[in-house]
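This briefing sets out the contacts, fold, interior and internal space of one protein chain. The model appears below, and the points that follow are grouped by topic.

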Amino acid sequence: MVPLLTGIGGLSQHAATGTSLVAVVSTGLGGCASFASGGNVEWSAAAAIAATASLSAVAGARATSKMSGATLKRLMGFFMMAVAPTVPLKGYLYQSSAPADPTAPRPPLTVSMLAQCACLGVVSGALSGLFGVGGGSIVTPALAMIADLPHQAVLGTTLASMVIPSMIGASAHWRLGNVAARALPGLLVGTVIGAICGAQLAMVVPQEALRWFFAVSFLVLGAKSAFKI
C-alpha cells in the first residue's frame with residue numbers, strides 16, 4: 001500500500017507510512033471480526049503477539065522521524081524484497097503440514113509457544129511502525145511454524161494480533177504528523193472495495209498463481225524502491 005500512496009497518491013514516504021497504518025487498523029478489525037465469528041482466532045497467541053508488538057510499534061514509528069524520506073523508502077524496498085519469498089512459503093507450509101480439523105477442540109498453547117509469539121510480536125510491531133504494514137507477512141508464516149493451528153486460525157490470529165499494535169502505531173504516527181487526514185476517506189473506502197474484490201478474485205484464480213503474482217510484485221516494487229530503478 002505504501003508504494004501506491006507515494007507513487008499514485010503523491011504522499012511523502014513518512015506520510016504514506018503513517019496513513020497506511022491507519023488503513024491496516026480497519027482491515028484488521030474487519031478481518032478479525034469475520035474470523036472470530038467462526039472461532040478461528042487463538043486469543044492467547046494473539047494477545048502474546050499484540051502485547052509486545054504494541055511497544056515495539058511505537059519505537060518503530062519514532063524511528064521514522066530520525067530518517068530521511070529517501071532512507072525510509074530504500075529500507076522499505078529491501079523489506080519488500082526480503083518478505084517476497086514468504087508469500088509462496090505460506091502455501092508450502094500449509095501443504096507440507098498435516099491438515100488440522102478446524103472443528104476439533106484446540107489444545108492450549110504451551111508457555112514456550114507463547115514466549116515465541118511474544119518474541120515474534122517484538123519484530124512484527126517494530127516493522128509495522130517503521131514501514132506502515134500490518135506485519136502479516138512475518139506473523140503468518142512464523143505462527144504456522146510455532147503453533148499447530150488450522151490455516152484459518154493462523155490467518156484469524158494474525159489479524160487479531162495486528163489490531164491494537166496498528167492502532168498504537170498509527171496514533172504515534174499521527175502525533176508525528178505522518179498521517180494525511182485528507183487521504184483517509186478515499187483510502188478506507190478503497191480498502192473495503194479492494195478486500196471485497198480480492199476475496200472474489202481469490203475464489204476464481206488458483207492460489208498458487210496468486211501467491212507467485214504477489215511475490216513477483218513485491219520483488220519488483222521493492223527493487224524499484226531500494227535501487228531507485
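Among contacts in the chain between residues at least 6 apart in sequence, those joining residues at least 24 apart make up 82%. The model is a predicted one. Its chain contains 10 helices and 0 strands, and buried residues account for 45% of its 229 residues.

**Fold and surface**
- Followed along the sequence, the pattern of the chain reads α-α-α-α-α-α-α-α-α-α.
- About 11200 Å² of the chain is exposed, and 72% of this area is supplied by carbon and sulfur atoms.

**Nonpolar core**
- The largest nonpolar core has 17 residues, of which Leu5, Leu11, Ala16, Met76, Phe79, Phe131 and Val133 touch the most other members.
- Two or more residues of this core come from each of α1 (2-7), α2 (13-37), α4 (69-83) and α6.
- Helix α4 provides the largest share of the core, with 5 residues.
- Leaving aside residues up to four places away in sequence, Ala16 is in contact with Val2, Leu5, Thr6 and Leu11.

**A buried glutamate**
- Glu42 is located in the loop that lies between α2 and α3.
- Glu42 counts as buried because its relative accessibility is 11%, under the 20% cut-off for that class.
- With residues up to four places away in sequence not counted, Glu42 touches Arg106, Leu109, Leu149 and Thr157.

**Internal cavity**
- Rolling a probe the size of a water molecule over the atoms reveals where empty space is left.
- Searching the whole structure gives 1 cavity of 30 Å³ or more.
- The volume of the largest cavity is about 50 Å³.
- The lining of the largest cavity consists of Ile49, Ala53, Ser124, Gly125, Ser128, Gly134, Val139, Ser161, Met162, Pro165 and Ser166.
- At least two lining residues are supplied by each of α3 (43-64), α6 (111-131) and α8 (151-175).
- Helix α8 contributes the most to this lining, with 4 residues.
- Sorted by class, the lining of the largest cavity comprises 5 nonpolar residues, 6 polar residues and no charged residues.

**Elements that recur**
- Helix α6 is among the elements giving two or more residues to the largest nonpolar core, and α6 also supplies at least two residues to the lining of the largest cavity.
- Helix α2 likewise gives two or more residues to that core, and the loop between α2 and α3 holds Glu42.

Terms used:
Residues numbered from 1 in each chain as written. Predicted model: local features only at pLDDT ≥ 70, side-chain atom pairs only at ≥ 80, totals over all residues. Heavy atoms only, no water. 1 Å grid on protein atoms, 1.4 Å probe; cavity = no way out; pocket = protein on both sides within 12 Å on 5 of 7 lines; lining within 4 Å. Points joined across faces, edges and corners; volume = space filled by probe spheres on them. Nonpolar A, V, L, I, M, F, W, Y, C, P; charged D, E, K, R; others polar. Buried < 20%, exposed > 50% of the residue type's maximum accessible area, 1.4 Å probe, protein only. Contact = heavy atoms within 4.5 Å. Areas by Shrake-Rupley, 256 points an atom, 1.4 Å probe, with all protein chains shown as cover. Core = buried A, V, L, I, M, F, W, Y, C linked by side-chain atoms within 4.5 Å.
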